Amino acid sequence: MHLDKVRWGIIGCGNVTEVKSGPALQKAEGSELVAVMRRNGALAADYAQRHGVAKWYDDAAALVHDPDVNAVYVATPPGSHHEYSLLALQAGKPVYVEKPMARNHAECQDMIAASEAAGVPLFVAYYRRGLPKFVEIKRLLDSGVIGDVRFVHSTYLQTLRTYEEGTEPWRIQPELSGGGLFVDLASHTLDILDYLLGPIGEVKGFASNQSGGLKQVEDIVTTSYAFESGVMGTGVWSFSSYTHQDVNEIVGSRGKLSFSTFSGDLRIELADGSVEERNIPNPAHVQQPLIQTVVDELRGIGRSPSTGRSAARTNRVMDELLRDFYRAR
């Protein structure tokens, strides 16, 4: 599929689209945002007016079948990613869907099958694959600066958040999100490790609710896994800890890279004792670099690193880690 210009329609113009992605659809070269949809028509109209978008809808099918829209960005919570992606793909329109790709790996597989049946591509908004910091980390690894990679360890800690009954955000409602904060936040880390080190193969781990808070969802996940390349990995994500911490360490035969998932920090330590610390900031619209790769692929002048197939691998890993926890509830 080669489009002269990508004319986007957004399904679900909520908070994520205000700065992270919506303006990027307008600013990417060869791209424009022509329509938005939200079930609340007044909110859709308000978004369109504020962002200079010509059309708004309160019905997803109407947006998908608008002849001016030739690509669809699904920016709803994960509970409707499957439904809306299938709607657009079956109409023959490429889809860029928010992360995580869906609530589970089975839904991801349905979406991939629909993409292949329609002959139109499916992309996922794991935008860290396009950010300058992670592109630089990939370059460093590929250059061999830390030698042969041996293992990676991820630690993510967060203090417990509490909510009054009935005010819980969608991120901790499994029917909408696929799980708890692990699914929302750890998916970024697992996907970027897939980008940096290749697919994860065998996965083992545990999930639990230790605090009694966050009710029906996991608040701690630990894992041990092996990449298909032979690199080993471990990780812990705790959402009822005493502090906040976000660090990934990739250890090689000649050094170590340490970096956060959610900030610009990067530290390079080598066996010769040298240490370099960098901070590589994000662009104003964090999805713009990845969106540009999507637009370029749709125009036939490049390839995007974040596809339905790559994103589905992260859902498979999360399914493996959460399956026993949710089966028991």
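Q: What makes strand β2 and β3 count as paired in this predicted model?
A: Two strands pair if at least two bridges are found between them. Strand β2 (residues 31-37) and β3 are joined by three bridges, in the parallel sense, so the criterion of at least two is met. Within β3, Y57 is the bridge partner of M37.

Q: Why is one side of β3 (55-57) and of β6 left without a neighbour in the sheet?
A: The open sheet has six strands in the order β3-β2-β1-β4-β5-β6, with parallel pairing. β3 and β6 stand at its edges and each has a single partner strand, so one side of each lacks a neighbour in the sheet. On average, neighbouring strands of this sheet are turned by 25° against each other, direction ignored.

Q: What makes helix α1 (residues 15-27) a helix that packs on this sheet?
A: Helix α1 touches β1 (6-11), β2 and β4 (71-74), where contact means heavy atoms within 4.5 Å. The direction of α1 makes about 135° with that of β2.

Q: Which strands stand at the edges of the eight-stranded sheet, and why is one side of each left without a neighbour?
A: The order in this open sheet is β8-β9-β10-β7-β11-β12-β13-β14, and the pairing is mixed. β8 and β14 are the edge strands; each has a single partner strand, so one side of each has no neighbour in the sheet. The twist from one strand to the next averages 10°.

Q: How do you know that β12 and β13 pair?
A: Five bridges join these antiparallel strands, and pairing requires at least two. S258 stands opposite R267 in β13. Across β7, β11, β12, β13 and β14 lies α6, running at about 170° to β12.

Q: How do you know that the span of helix α6 (residues 132-143) agrees with what is expected?
A: At 1.5 Å a residue, its twelve residues should span 16 Å, and the end C-alpha atoms are 16 Å apart, which agrees.

Q: Why are the buried residues of α6 said to line one face of the helix?
A: The buried residues, those under 20% relative accessible area, are K133, F134, E136, I137, L140 and L141. Seen down the axis of α6, they fall within an arc of 155°, so they line one face. Their cover includes β7 (149-159), α8 and β11 (245-252). After α6 comes G144, with a positive phi near 80°.

Q: Where does helix α10 (residues 308-327) bend, and what do its buried residues pack against?
A: Helix α10 bends by about 40° at L321, and L321 is itself among its buried residues. Those residues pack against α5 (105-118), β6 (122-124), α8 (181-197), β8 (200-208) and β9 (220-227).

Definitions and conventions: Residues numbered from 1 in each chain as written. Predicted model: local features only at pLDDT ≥ 70, side-chain atom pairs only at ≥ 80, totals over all residues. Heavy atoms only, no water. Bend = angle between axes of the 7 residues up to and from the residue. Helix = DSSP H or I, 4+ residues; strand = E, 2+ residues; numbered from the N terminus. Buried < 20%, exposed > 50% of the residue type's maximum accessible area, 1.4 Å probe, protein only. Expected span 1.5 Å × (residues − 1). Arc of directions from axis to C-beta. Axes fitted to C-alpha atoms, helices over the stretch in contact; angles between N-to-C directions.
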